[in-house]
Amino acid sequence: RTVNDISVWVKPTKFLLSLGVFYATLAWCFGYLPRAAQQTLGGRFVIWGSIGVGVVEMLWLLAAAGQGVPSHFNATSVVWHVAYTSAGIGATVLLVAMTVQARMIARDALPSVSPVLRAGLVQGAYIALVTTLVTAFFLAAGTGHWVGGTASDAGGLPLLGWSRDGGDLRVAHFWALHAQQLVPLLAYVLGARLGLLRTPHAVRVLGALYVAFIVFTFVQALQGQPFLG
């Protein structure tokens, strides 16, 4: 069985992997905080709020796949429309949990954490929050992720599935969401490893360039151009 011309199980699998990366990042970031941070109100929200929402999101995706219907942009019934809307609220909770942890790192990070890495961790979360909300709400306001090209996920880029003959709004959404991992990684590599970033201000410049890249991919999709043809 297929949805958008690909297996019904592709989307749940991709979301499971994405959630796995998200949870692994939260767990890793707790290593930059005192152990007691996990027992605070904010720490418990980051852990249990994100786990609870993630479980519900996966149940929704699996239910849609099991029924052989789209999980996203599904307005065929009130139930699926409400489920899609609720999933958007749940995704916002995940972003808020990530940002709460970033605030904890900005305030209480262990002394061993370098200022450059701390700035990367905090800015990565804030960039992910803002840009993901913008791209997600724009996507949710439409009826699909394609702009021009073939309205099918068959023949998309390997693994990611992005359209190769038209614009795909999921591209900017992907880079926005994974700013949580990529901005700190870039700050670490360019700072600790290569010595090119020496101050938090330099990391802010890096963050601005990353946002510009997200905007570029967003505009590219709106113009009906594929990220990679």
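A nonpolar surface patch joins nonpolar side chains within 5 Å of one another, drawn from residues with over 30% relative accessible area and no salt bridge. With that term in hand, the tour of this predicted model may begin at such a patch.

**First selection: the nonpolar patch.** Please select Leu185, Tyr188, Val189, Leu194 and Leu196; together these residues make a nonpolar surface patch of about 470 Å². Then centre the view on Leu196, one of the patch members. Leu196 is found in the loop that runs between helix H6 (179-193) and helix H7 (200-222). Is Leu196 buried or exposed? Its relative accessible area is 60%, so Leu196 counts as exposed, the cut-off for that class being over 50%.

**Second selection: the aromatic cluster.** Next, select Trp162, Phe174, Trp175, Tyr210, Phe213 and Phe227, which form one aromatic cluster. Across the structure, 12 aromatic pairs are present.

**Third selection: Leu159.** Move now to Leu159, in the loop between strand S3 (146-147) and strand S4 (167-168). The backbone deserves inspection here: Leu159 is not a glycine, yet it has a positive phi of about 70 degrees. Leu159 is also exposed, since its relative accessible area is 84% and exposure requires a value over 50%.

**Final selection: Asp5.** Finally, select Asp5. Where does Asp5 lie? Its place is in the loop between strand S1 (2-3) and strand S2 (6-7). Asp5 has a positive phi of about 75 degrees, although this residue is not a glycine.

Methods. Residues numbered from 1 in each chain as written. Predicted model: local features only at pLDDT ≥ 70, side-chain atom pairs only at ≥ 80, totals over all residues. Heavy atoms only, no water. Helix = DSSP H or I, 4+ residues; strand = E, 2+ residues; numbered from the N terminus. Buried < 20%, exposed > 50% of the residue type's maximum accessible area, 1.4 Å probe, protein only. Phe/Tyr/Trp six-rings, centres within 6.5 Å; stacked < 30°, edge-to-face > 60°. Patch = residues over 30% accessible without salt bridge, like charges linked within 9 Å, V, L, I, M, F, W, Y side chains within 5 Å. Areas by Shrake-Rupley, 256 points an atom, 1.4 Å probe, with all protein chains shown as cover. Salt bridge = Lys/Arg side-chain N within 4 Å of Asp/Glu carboxyl O.
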